[in-house]
Amino acid sequence: MTEKVAVLGTGKIGEALLSGMIRGGWSPSDLLVTARRPERAEELRSRYGVEAVSNAEAAKAAETLILTVKPQDMGALLDELAPHVPADRLVVSGAAGIPTSFFEVRLAAGTPVVRVMTNTPALVDEAMSVISAGSHANEEHLAHTEAIFGGVGKTLRVPESQQDAATALSGSGPAYFYFLVEAMTDAGILLGLPRDKAHDLIVQAAIGAAVMLRDSDQHPVKLREAVTSPAGTTINAIRELESHGVRAALIAALEAARDRSRELASGNS
């Protein structure tokens with residue numbers, strides 16, 4: 001791979017992406033990074049052998065710019081980049097809630113923009129990255145973005161109109177599972193188990209269930225029914241979950257996350 005890619009605002013997700021690209025075959029000499037703090041830039045340079053540059057230098061030198069700063073910092077970054085980004089650069093945004101049109105009106109006319117919503121399992125190469133094309137991005141731009149984000153997990157293309165829903169479901173999704181594991185761990189302690197043993201039991205159950213969901217091609221209802229014997233322990237637990245409205249609460253929670261993504265897109269802080 002001979003073109004240069006720059007990761008701008010290289011925090012945890014940006015670093016996960018950077019390391020995944022290197023594992024996937026990118027040469028460190030073809031990768032640039034920027035960071036707000038000089039000591040962070042030096043840390044990335046020494047750890048990965050990449051060149052740390054300013055945002056303006058990255059915009060001038062790299063064919064692909066991956067913007068991983070926080071949504072509230074994106075406007076200021078684009079103001080800094082705009083004078084230095086030619087229209088033939090590919091700009092990839094990883095900011096939640098910000099539409100591609102936000103970038104297109106601030107950059108040179110015709111600049112291809114691709115929007116990506118990834119999630120924190122990128123840190124362990126198990127991310128789900130949802131990809132949408134802006135007005136000027138074509139198949140080549142999408143495929144190139146998939147090749148980059150494929151280094152840290154799976155990718156999925158959706159129309160940009162579905163990005164807010166994907167953010168609620170997948171971008172925020174790991175937090176829901178952590179919340180569930182936290183609650184189940186507390187339940188295990190209440191039932192008499194030490195915290196460490198309750199944690200190990202639940203985490204392995206989660207891993208096993210996730211692998212079965214991924215690999216079995218069976219609907220989750222079928223998998224659940226296979227665990228739920230008549231008048232057994234599981235059906236009693238399921239009854240309690242339903243009586244406490246857990247299913248409805250999850251639906252409402254995801255709707256709230258989607259609505260917040262829309263608020264961010266409209267500029268409401």
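Biologist: Where is His-141 found?

Modeller: His-141 is found in helix α6. Here helices are DSSP runs of H or I with at least four residues, strands are DSSP runs of E with at least two, and both are numbered from the N terminus. Keep in mind that this is a predicted model, where local features need pLDDT of at least 70, side-chain atom pairs count only at pLDDT 80 or more, and totals for chains, interfaces and linings use all residues. Residues are numbered from 1 along each chain as its sequence is written, and side-chain values use heavy atoms, with hydrogens and water left out.

Biologist: Why is His-141 called buried?

Modeller: Buried means under 20% relative accessible area, exposed means over 50%, and partly exposed is in between (1.4 Å probe, protein chains only). His-141 has 17%, so it counts as buried.

Biologist: Which residues does His-141 touch?

Modeller: Leaving out residues up to four places away in sequence, His-141 touches Leu-90, Pro-112, Val-114 and His-136. Touching is contact, meaning heavy atoms within 4.5 Å.

Biologist: What lies 2.9 Å from a polar atom of the His-141 side chain?

Modeller: The backbone nitrogen of Asn-138 does. A polar contact is a pair of N or O atoms within 3.5 Å; within protein, one must be able to donate a hydrogen and the other to accept it, and residues adjacent in sequence count only if both atoms are side-chain atoms. The 2.9 Å distance is within that limit.

Biologist: What makes Arg-115 and Glu-160 a salt bridge?

Modeller: The rule wants a side-chain nitrogen of Lys or Arg within 4 Å of a carboxyl oxygen of Asp or Glu. Arg-115 and Glu-160 come to 3.1 Å, N to O, so they pass. Arg-115 lies in strand β6 and Glu-160 in the loop between β8 (153-157) and α7, so the bridge ties together parts that are 45 residues apart in sequence.

Biologist: Are Arg-115 and Glu-160 buried or partly exposed?

Modeller: One of each! Arg-115 sits at 5%, so it is buried. Glu-160 has 21%, so it is partly exposed.

Biologist: How do you know that Arg-157 forms a salt bridge with Glu-146?

Modeller: Their closest N and O atoms are 2.8 Å apart, so the pair meets the cut-off. Arg-157 is in strand β8 and Glu-146 in helix α6 (residues 139-149), 11 residues apart. Arg-157 is partly exposed at 34%, and Glu-146 is partly exposed at 22%.

Biologist: Why does Asp-186 with Arg-195 count as a salt bridge?

Modeller: The closest N and O atoms are 3.7 Å apart, so the pair is within the limit too. By this rule the count comes to 18 salt bridges. Some join up: Glu-15, Arg-40, Glu-43 and Arg-47 are linked in a network.

Biologist: What is notable about phi in Asp-125 and Ala-231?

Modeller: Asp-125 has a positive phi of about 60° although it isn't a glycine. Ala-231 is not a glycine either, and its phi is positive, near 60°. Asp-125 is in the loop between β6 and β7, while Ala-231 is in the loop between α10 (220-227) and α11 (233-243).

Biologist: What makes Ala-231 exposed?

Modeller: Ala-231 has a relative accessible area of 76%, which is over the exposed cut-off, so the label fits. Asp-125, at 30%, is partly exposed.

Biologist: Which residues of α7 are buried?

Modeller: In helix α7 (residues 163-171), Gln-163, Asp-164, Ala-166, Thr-167, Ala-168 and Ser-170 are buried. Their cover includes β6 (113-117), β7 (127-133), α8 (173-190) and α12 (246-265).

Biologist: How is the protein divided into domains?

Modeller: Into domain 1 (5-158) and domain 2 (172-266), with bounds from an automatic or database domain assignment. Their contact takes 6 residues from domain 1 and 5 from domain 2, and their C-alpha centres lie 33 Å apart.

Biologist: How much area do domain 1 and domain 2 bury between them?

Modeller: About 410 Å², with 58% of it on carbon and sulfur atoms. Buried area is the accessible area (1.4 Å probe) that two parts lose on being put together, summed over both. There are 0 salt bridges between the domains.

Biologist: And how many helices and strands are there?

Modeller: The protein has 12 helices and 8 strands. Of its 269 residues, 36% count as buried.
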